[in-house]
Amino acid sequence: MYNLLKKLFPICRSITGNGVRETFNILKDHLPLDIKEYPTGMKCFDWEIPDEWNISDAYITDEQGVKVVDFSKNNLHVLGYSEPVNNKTFSLNQLKVNIYTLPDQPELIPYLTSYYKRRWGFCMSHNELCSLKDGNYTVNIDSTLEPGFLTLGEAFLPGKIDKEILISCYLCHPSMANDSISGVVLTTDLYKKLSQIDRYYSYRFLFLPETIGSIAYLSQNQKRVLKKTYGGFVITCVGDPGIFTYQRSIHKSHVIDRIAENVLKNSGKEYKIRNFRFAGSDESQYSSPGFNLPVGSLMRTAYPHFTQYHTSADNLDLVTEDALNESLEMYLKVIKGIEGNKVFKNNNPYCAPKLDKRGLYPSLGSQRNISEEIYRMNWLLNYGNGENSLIDIAEEVDTSILNLIETSEKLEKEGLLTLDGSK
Amino acid sequence: MYNLLKKLFPICRSITGNGVRETFNILKDHLPLDIKEYPTGMKCFDWEIPDEWNISDAYITDEQGVKVVDFSKNNLHVLGYSEPVNNKTFSLNQLKVNIYTLPDQPELIPYLTSYYKRRWGFCMSHNELCSLKDGNYTVNIDSTLEPGFLTLGEAFLPGKIDKEILISCYLCHPSMANDSISGVVLTTDLYKKLSQIDRYYSYRFLFLPETIGSIAYLSQNQKRVLKKTYGGFVITCVGDPGIFTYQRSIHKSHVIDRIAENVLKNSGKEYKIRNFRFAGSDESQYSSPGFNLPVGSLMRTAYPHFTQYHTSADNLDLVTEDALNESLEMYLKVIKGIEGNKVFKNNNPYCAPKLDKRGLYPSLGSQRNISEEIYRMNWLLNYGNGENSLIDIAEEVDTSILNLIETSEKLEKEGLLTLDGSK
Amino acid sequence: MYNLLKKLFPICRSITGNGVRETFNILKDHLPLDIKEYPTGMKCFDWEIPDEWNISDAYITDEQGVKVVDFSKNNLHVLGYSEPVNNKTFSLNQLKVNIYTLPDQPELIPYLTSYYKRRWGFCMSHNELCSLKDGNYTVNIDSTLEPGFLTLGEAFLPGKIDKEILISCYLCHPSMANDSISGVVLTTDLYKKLSQIDRYYSYRFLFLPETIGSIAYLSQNQKRVLKKTYGGFVITCVGDPGIFTYQRSIHKSHVIDRIAENVLKNSGKEYKIRNFRFAGSDESQYSSPGFNLPVGSLMRTAYPHFTQYHTSADNLDLVTEDALNESLEMYLKVIKGIEGNKVFKNNNPYCAPKLDKRGLYPSLGSQRNISEEIYRMNWLLNYGNGENSLIDIAEEVDTSILNLIETSEKLEKEGLLTLDGSK
């Protein structure tokens, strides 16, 4: 994952344009992607796809012709969706109107965009701005804002049933390593891992420009999404070394939330829970009242609570290979919990079944030491009434759903439990 | 309010009699009151209106003819509803049988009544009692207990709908400034303020003698009260400078309780919550199982927890103008919350509406600082499904209903929310 | 109770055999027992009654013919259900395979059984084992494992209704004073006490060998148990001087659980609550999904949390007469709560009834001191709507159900409340 991330990091992406296409060309080597291009101007609910933006160069030169800001050094230097500027000269004070900095983080370049209002601008560190001397500066932005397309990618893994788990990531950010790209590379690897296992649910993977991408996609797939989607995750901010954060779906305690929290609680790792954020990423669209889908997000340090967020410091130094791997592993555990969250029925509901004759209980009677495994069997048998799913039982007795899944498989094999559905 | 309170304070009121009538004559200068007189002997559910009590004078003289207790100095000196006594002489020990004091508050005169059992008595400070010398004392109580009437007053402000908010206060206490009269003057001002605004609910104001007054009123208005009343408040103990106390209705978490608590929580002021008190004021009648009305009470220090309660120290020194004004303001905020607790429907349920094109969202994209106002819009839009009222949303996200009301009006004006009812 | 316990203690009981019969012969002097004998080999759900086990003697002799372990000194020395051994000689190392000790409690003999797998064995203190010298040892176990019967006893006290409270204790343990026998003697006394009162519920008392006994009983009485049983208790571990523990039924908050916890909470005594134990006694059978009966257990120190549990230290020294008596008293209080947990209807639902005219309220009006009794009357009248049972009210206002029962009887006598059913 880390290598792919390094490859994707330098590309200048936005919500439209060739940076996104270039990114998909690289991703296509890793998973089969169905690329869609929606025309600019297309209506999507209350929105409209804006013109396609492309940029080849941008810089500010001082009176000596020295480039004091240069897009080719860092693609954050240009305000996203800046309109073209052809060799215009400004005094320093005039120029400052179009310069964005972070006075409280004076060494970092901010990441800013203006998708829906035409303007141009440059982002730079506050220190650099302060070092500019009075005088005239000449601005060049070699960009285009023209009719074109919004590009997105989709992959699908069918399961035993056609209920879908939605895995969504966004790739509209330029060089942001943790916010955005870490999610893209983890989603890519998750696809690979899930393609290799027996799946109960079907899995739909979306690689979109944030907000307008999910809105456009939903507008074109409204019925299917509403009918088929069981729940999902928006994957982002999974590469920094901070502790895990689970952001609940808008339902707060949907089965997917409960399973994610159960897995974290029993992982032995530190973690935080936060409620649905009403100023979030694409989950805001998936969970709008008309769709109302349960979409959570398992992150490391949750945005915007890492200081590098939306600055030039969200770079390759922030993301570690270990963190990415651990995040992938945790997502796989959560999905294992979702896949295994079945409803069982005890085949011997009247009194306890005789476990020792099946080799599941010691033949020497002493109640002094009862193993966890015996408790798990009894929990499953007692609550196995065809109504409780494994997460219901795990919560009732405060244990790990992943352990219950294992024990349930043993009891099913012995004919003591019968699968009675899923929830 | 404080001036009116000073005017009402000296009058000797009881559950019947001319003190109540005199009080209503003063109140009539401030609001249009419909005065009702119910005849004594009238049956009201399990009760009966007792004889009307009037008193012109009462005193105890010692052997020298000096008045050692004198009703004309403090109307608390006579046990309420004392029967007449004509120049009867007693030894000090005999007299003591009919003397009531507070040994643990030796400087204060207690407030006591005996509405339903004929007796006579005097109340005095324990110090005064101790200072009485052995010898004979002559008692005179110039009172009458005769057929007559129970007097109560009613005012009404119609609203858009005929569901009523009941505002009830009691005026049977003689010179009690905080317990009773503070509620009477606040209710009077509340009438004035509410008469000047657009009202969604109708408001019914009752000025009653405590307990028998509300029982008599309910017995004569049973059907209408049951059919029309949405909820209400008993107003008393609103003049002392203590922190606020909200006493919940018997329902504990009726909408009016939830709104009152939300307003207090977001007021920046210290406050307490207490559950319905099963030995309270007229809310005991309104909330009896047959009526079961949600009636709360927003007080300052809740009775009987101020040491002056039901003593001569509950006087003009206890009540401050600031406390009265602040209490009125808080009641107005609670009522604003009740009036504004509407149910809205998001007109763009599929994906977020585009807020920036309506000037409600910054055109420059950075998620680093999200304003409270943006959260409020998103909460209202996401939970605006025609099912949640604003208090439901306010509690769900732990914010102020009054702020939500303001934002909802803005979104309604922009056509983003449509009023869908009230709850 | 303590005398009976001393009498029962020395008998060598098991899940079948003459020890159980001898125990019933003694119990029959104390209560009328219906003794049932189920044939070995009888199928009971997933189980089968094993052969009847009887034992007359067992010992190990050393080369000098000295008995180094002797069943006649402590019946725990023989592994329960040991098969016969006739004069077989083993080296010390060979012998050790069949010797069971507690290395972490080296002075105590463990209590062990092997009901369903044929083996033989001796239990001894670890110190005794260590003191055995190398050499040959001769083993004799004079036991029989033959077709026969499983013996259990039943008693019944009819009530006003045929809904039954199940009181179950187990008597298969040999010399275990607290675990098992304390429950047997308390159940016996409980029968006597309950036989002397007016009963609303019917009471069924079961004296069973643990697990197989309740399984066999349930298999033969399935329909009646399912139809008639309201709830019940497994009585055991009630003789040690530790604080009370209430083990909840599998329903966690069934009425019987709520009443037991209310009684404990208001008893002034320290206590613990623990959830249903999924490795427990006969409640595991009563609460299996097919029966799903609410069966709790009020114990002192809950098994297996006293160090003497299932060892030779669970003897007459552990159990005190005071603890037994206090446990009985607490069970009687819980049953009083269950019997009295009625639903009442307020006969004067509109406004408060006039309590003073019935002598239930002081005629002198002062709200300064309200007695608990007045609160209780108001709670009962306000919540007496034909829907709340007394435990509902007790929990709502956090008071003692036993006190509410007393007050409700007073109000019923005055015609203010009418019994409206039970819950």
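Domain bounds, as used below, come from an automatic or database domain assignment. The structure is a predicted model.

**Exercise 1. Domains and overall form of chain A**

Task: State which residue ranges make up the domains of chain A, and determine how far apart the C-alpha centres of domain 2 and domain 3 of chain A lie.

Solution. Begin with the assignment: domain 1 of chain A covers 2–49 + 149–339, domain 2 covers 52–143 and domain 3 covers 341–422. Next, take the C-alpha centres of domain 2 and domain 3 of chain A, which are 65 Å apart. For the chain as a whole, the C-alpha trace of chain A spans about 95 × 45 × 35 Å along its principal axes. Chain A contains 13 helices and 19 strands, and 48% of its 423 residues count as buried. Finally, consider the contacts in chain A between residues at least 6 apart in sequence: 80% of these join residues at least 24 apart.

**Exercise 2. The contact between chain C and chain A**

Task: Establish how many residues of each chain take part in the contact of chain C with chain A, and describe the side contributed by chain C by class.

Solution. The count gives 24 residues of chain C in contact with 23 residues of chain A. On the side of chain C, the elements giving two or more residues are α6 (212–220) and α9 (283–286) of chain C. Sorted by class, this side of chain C has 14 nonpolar, eight polar and two charged residues.

**Exercise 3. Two packed helices in chain B**

Task: Classify the packing of α11 (residues 372–383) and α12 (residues 390–397) of chain B from the angle between them.

Solution. Two quantities are required, since packed helices are described by the angle between their axes and the distance between the axes. For α11 and α12 of chain B, the angle is about 120 degrees and the axes are 10 Å apart. This angle lies outside the range of 65 to 115 degrees for roughly perpendicular and is not over 145; therefore α11(B) is oblique to α12(B). The crossing of α11(B) and α12(B) is right-handed. B:W379, B:L380 and B:Y383 of α11(B) make the contact with B:I393, B:E396 and B:V397 of α12(B). By class, that contact has five nonpolar, no polar and one charged residues.

**Exercise 4. The environment of B:P39**

Task: Decide whether B:P39 counts as buried or exposed.

Solution. Locate the residue: B:P39 lies in strand β1 (residues 34–39) of chain B. The cut-off for exposed is 12 or fewer other C-beta atoms within 10 Å. B:P39 has 11 C-beta neighbours inside 10 Å, and therefore counts as exposed. As a further distance, the C-alpha atoms of B:P39 and B:D51 are separated by 8.9 Å, the two residues being 12 residues apart along the chain.

Notes
Residues numbered from 1 in each chain as written. Chains lettered and ligands numbered in written order. Predicted model: local features only at pLDDT ≥ 70, side-chain atom pairs only at ≥ 80, totals over all residues. Contact = placed C-beta atoms within 7 Å. Helix = DSSP H or I, 4+ residues; strand = E, 2+ residues; numbered from the N terminus. Nonpolar A, V, L, I, M, F, W, Y, C, P; charged D, E, K, R; others polar. Axes fitted to C-alpha atoms, helices over the stretch in contact; angles between N-to-C directions. Parallel < 35°, antiparallel > 145°, perpendicular 65-115°, else oblique. Left-handed = near helix turned anticlockwise from the far one by under 90°. Buried ≥ 20, exposed ≤ 12 C-beta atoms within 10 Å, placed from the backbone.
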